[in-house]
Amino acid sequence: MCSIPAWLKEVVQKWEAGIAHVFILYGNVDDLVEPGKYVKDILLSTGLIAKRSIVISYNRSKGITFPIPAHKDKFLEMLNMKQAASGALAALQQARGQAAQDDVQLPAAPGQALPLIERTLAAADESGPVTALIVENAETICPNTDIAVMSPDDRNILVTVTRWAREKEFISAGPPVFLLVENISELHMNLRRASSRIEAVKVPYPDREERLEFIKKLAAARGWQVDEERLAAKTAGLKRVHIEDIFLRADLSDVPVNDELVKERKNEIIRSEFADVLEIIEPTVGFNDIGGMDYIKQYFLKNIIQPMKENRTAYVPMGALLLGPAGTGKTVLAKAVAKESGMNCCSFNVGKLLGSYVGTSEKNLERTLECIQAMAPTIVIMDELDQSGLSRSGSGDSGVSNRILQRLLEFMSDDSRRGKIVFMGISNRSDLIDAALKRPGRFDKKIPVLAPDNVERESILKVLLKKYNPENWVKDINTVVEATEGWTGAELEALVLKACEVAEGQTLADGHMAAALDRYFPTTQDIERMTALAVAECNDADLLPPRYRTVLKERSKAADADSDVDYTRKRRAV
């Protein structure tokens, strides 16, 4: 027996309190709740529905169906007692004169089916409402379309469903009605308004405890010994149906459910579900594999990694924006933070959200944010943020980028996610990022990641030499450090690789490094400009290299001076 899901408890409480009897269930509505039982099955088994004399299921393809076959007879009998004079019911009664009730074909089209269903919804007896209704894929009968372009039949359908929640005869009976939809934005706005008296309840992805409970049941049913705790952590972001799929594949191939199988299948699922928008990352590089940037590493350890490990989340930033020239190690640093924290990590490519069809982008965003929420605690890396195309102006795209940005801003600034989801933005050009993303409460910290100084270049070179040629005989590091003034970390790595090429498989020596210096030339452009932009964006001296910290003080003094001048001008004008 499974525990009652929180979303179902919410529904029951609101129904019993008389707050609503019509509910929109949205989100993860096509998932399993326990092995062999989907969301719809759990709904049907709960007392809220199971106590009703007539339980109806409707979708546009199958039409009116009855999970309990005997309920069809009761449904037809009730319609006959009503002696309705509608054309649809008259045709039905004529058919009943020629065939038994079990052979009566009920209409599937919503324009004919919903009025028939409606005639049973207002009925009640001493035990309460007689009928319960589940409408699957509700967006197919009440799509989010402008009323002006809807056909007369579609308008009638929308009004019919709206009446179920508003009119006195239905409110008095209180029949439980459920409209199931994956993406609530696809359902007509009239059904989502607060004045509709329809309550929207989200069915979320399973959290860690729910995944753990599900995994235990799957393993017990098969008599398998698995690391349940580890598997629950590794399957973050997956639905239960995906977890069952992993077990089924392991069963078919006669292999254990291990990290390798989970990783392979999880990556396939995320790719198929989210295309290039979301990608699961398994970081392999930690802080020890990155030379230099000690002050930035210390900041992350003190303010993000340790607090998240110890569940001290009150002061964890909502996000950090890594800024600076290309090749300075921003992306690898973000991945290293995830590695050191031991948390889940994913790459979120916002620019890929902009789809070809109206509504596609918003739908993809909601699904992506739902998956990110299910991965918590997680690090979300947003690379090349300046190239995402998100803007509040929304020029040239009918406002799609504006709507996506507004929804993303709303999600990022939700303080209930502090310390559970940390966004790591990466950009060479902070001036091209919308200002709303950079304000406190979203990307709280703007961290310049700049070309290394002498000490940092020495540290980076030692790490690279150990990585690519562990037995190297390079002794004269200082000469290389002095010759590479202004080089980025990526250029230093290219230099070491060139030296390995010169060495032709031999152990690296000083001569090989000298030859590489003669042959390799850095090509990174606009380093000075990008450095200036990054430093100008920073608002915390502790997040700057020591040699740049005086810049902030000078900038602050200049701002104060400008303010004094402006104040004096205003006084004189008065």
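**Entry 1: Glu 118**

I looked up the contacts of Glu 118 and found that, leaving aside residues up to four places away in sequence, Glu 118 touches Thr 160, Arg 163, Trp 164 and Phe 170. I note here that the model is a predicted one. I placed Glu 118 in helix 6, which covers residues 110–121. Is Glu 118 buried or exposed? I recorded Glu 118 as buried because its relative accessibility is 16%, and buried means under 20%.

**Entry 2: strand 15**

I turned next to strand 15, residues 421–427, and found seven of its seven residues buried. I then listed the two faces of the strand separately. On one side I noted Ile 421, Phe 423, Gly 425 and Ser 427, and on the other Val 422, Met 424 and Ile 426; all are buried, so both faces are covered. In a regular strand the side chains alternate between the two faces of the sheet.

Which strands pair with strand 15? I found that strand 12 (residues 319–323) pairs with strand 15 in the parallel sense, over five bridges. Within strand 15, Phe 423 is the residue that stands opposite Gly 319. I also found strand 14 (residues 378–382) running parallel to strand 15 and joined to it by five bridges. Here Ile 379 has Val 422 of strand 15 as its bridge partner.

**Entry 3: aromatic pairs**

I searched the whole structure for aromatic pairs and obtained six. One of them is formed by Trp 224 and Phe 247, which are stacked, with 5.7 Å from centre to centre and 10 degrees between the planes. I noted that this pair links distant parts of the chain, 23 residues apart: Trp 224 is in the loop between helix 10 (208–222) and helix 11 (228–234), and Phe 247 is in helix 12 (residues 240–253). I entered Trp 224 as partly exposed because its relative accessibility is 25%. Phe 247 is buried, at a relative accessible area of 0%.

I then examined Trp 487 and Tyr 520, an edge-to-face pair with 5.8 Å from centre to centre and 65 degrees between the planes. Trp 487 lies in the loop between helix 20 (477–483) and helix 21 (489–503), and Tyr 520 in the loop between helix 22 (510–519) and helix 23 (527–537), so this pair ties together parts 33 residues apart in sequence. I recorded both Trp 487 and Tyr 520 as buried.

**Entry 4: the largest pocket**

I finally looked up the largest pocket, whose volume is about 1,000 Å³. I found 47 residues lining it, with Arg 211, Ala 236, Ala 374, Met 375 and Ala 376 nearest its centre. The lining divides into 25 nonpolar, five polar and 17 charged residues. Helix 13 (residues 259–274) contributes the largest share of this lining, five residues.

Definitions and conventions
Residues are numbered from 1 along each chain as its sequence is written. This is a predicted model: local features need pLDDT of at least 70, side-chain atom pairs count only at pLDDT 80 or more; totals for chains, interfaces and linings use all residues. Side-chain values use heavy atoms; hydrogens and water are left out. On a 1 Å grid over the protein atoms alone, a cavity is a set of points where a 1.4 Å probe fits but cannot get out, and a pocket is an open set with protein on both sides within 12 Å along at least five of seven lines; lining residues have an atom within 4 Å of a point. Grid points are joined across faces, edges and corners, and a volume is the space filled by probe spheres set on the points. Helices (H or I, at least four residues) and strands (E, at least two) are DSSP runs, numbered from the N terminus. Ala, Val, Leu, Ile, Met, Phe, Trp, Tyr, Cys and Pro count as nonpolar, Asp, Glu, Lys and Arg as charged, and the others, Gly among them, as polar. Buried means under 20% relative accessible area, exposed over 50%, partly exposed in between (1.4 Å probe, protein chains only). Two strands pair if DSSP finds at least two bridges between them. Contact means heavy atoms within 4.5 Å. Rings of Phe, Tyr and Trp (its six-membered ring) pair if their centres lie within 6.5 Å; planes under 30 degrees apart count as stacked, over 60 as edge-to-face and the rest as tilted.
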